[in-house]
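Visitor: I'm new to this one. Could you show me how to read it, feature by feature?
Guide: Happy to. Let's have it in front of us.

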Amino acid sequence: MAFGIARHELNEWKRKVAQGQIAYLTHYWYEPRFPGIKTVTKVGCSDLPLLRNWCVQNGLDPNYIHHRAEFPHYDLIGSKQKEILVQEQLWEHIRRFGL
């Protein structure tokens, strides 16, 4: 379940993903399997070879890509989430979600 984002932010992420761009969407998140983790960044791209390559370039296993029909994505959590948000200079994501 996603919390802390507006409909237009989700729609913009979906638009970029559908166009084959790498897109980032950070939101509050609760998953009991990951105690202490309160946010997730979904890195989406409908161009699967591009998304796989993005994973490899960032030291992530592309086998963990979520193959959702129109919106394939990789879930970033924990220290790797912040590392990549800093690398991509997504300062608003970091500030807004207290990362």
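Visitor: How many bridges join β2 to β3?
Guide: Four, and the two strands run antiparallel. Keep in mind that this is a predicted model. For one pair you can look up, take K42: its bridge partner in β3 is D75.

Visitor: And what about β1 and β2, how many bridges join them?
Guide: Six bridges there, with the strands again antiparallel. Find Y28, and you'll see that T39 is its bridge partner in β2.

Visitor: Is β2 mostly covered or mostly open?
Guide: Mostly covered: six of its six residues are buried. A strand can be read by asking which way each residue points. In β2, T39, T41 and V43 point one way, while V40, K42 and G44 point the other way, and all of them are buried.

Visitor: Let's try a helix. Which residues of α2 are buried?
Guide: α2 spans residues 48-57, and L51, W54 and C55 are buried in it. Looking down the helix axis, those buried residues fall within an arc of 100 degrees, so they line one face of α2.

Visitor: What is on the face turned away from that buried side?
Guide: There you meet the exposed residues P49, V56 and Q57. On the buried side, the cover includes β1, β2, β3 and α3 (78-87). After α2 comes G59, with a positive phi near 70 degrees.

Visitor: Now pockets. How does one look for empty space?
Guide: Rolling a probe the size of a water molecule over the atoms shows where empty space is left. Here, the largest pocket holds about 270 Å³ of space.

Visitor: Which residues line the largest pocket?
Guide: Among them are W29, R33, F34, L60, Y64 and H66. K42 and D75, the bridge partners from before, are in the lining too. Strand β3 (residues 73-76) gives the largest share of that lining, three residues. Sorted by class, the lining has seven nonpolar, one polar and four charged residues.

Visitor: What is the volume of the second largest pocket?
Guide: About 240 Å³. Its lining is made of 15 residues, and E9, K16, Y24, L25 and H93 lie nearest the centre. To place the lining in the fold, look at α1 (7-18), β1 (23-28) and α4 (91-96), each of which supplies at least two residues.

Visitor: And how do the residues of that lining divide by class?
Guide: Into eight nonpolar, two polar and five charged.

Conventions:
Residues are numbered from 1 along each chain as its sequence is written. This is a predicted model: local features need pLDDT of at least 70, side-chain atom pairs count only at pLDDT 80 or more; totals for chains, interfaces and linings use all residues. Side-chain values use heavy atoms; hydrogens and water are left out. On a 1 Å grid over the protein atoms alone, a cavity is a set of points where a 1.4 Å probe fits but cannot get out, and a pocket is an open set with protein on both sides within 12 Å along at least five of seven lines; lining residues have an atom within 4 Å of a point. Grid points are joined across faces, edges and corners, and a volume is the space filled by probe spheres set on the points. Ala, Val, Leu, Ile, Met, Phe, Trp, Tyr, Cys and Pro count as nonpolar, Asp, Glu, Lys and Arg as charged, and the others, Gly among them, as polar. Buried means under 20% relative accessible area, exposed over 50%, partly exposed in between (1.4 Å probe, protein chains only). The arc is that of the directions from the helix axis to the C-beta atoms. Contact means heavy atoms within 4.5 Å. Two strands pair if DSSP finds at least two bridges between them.
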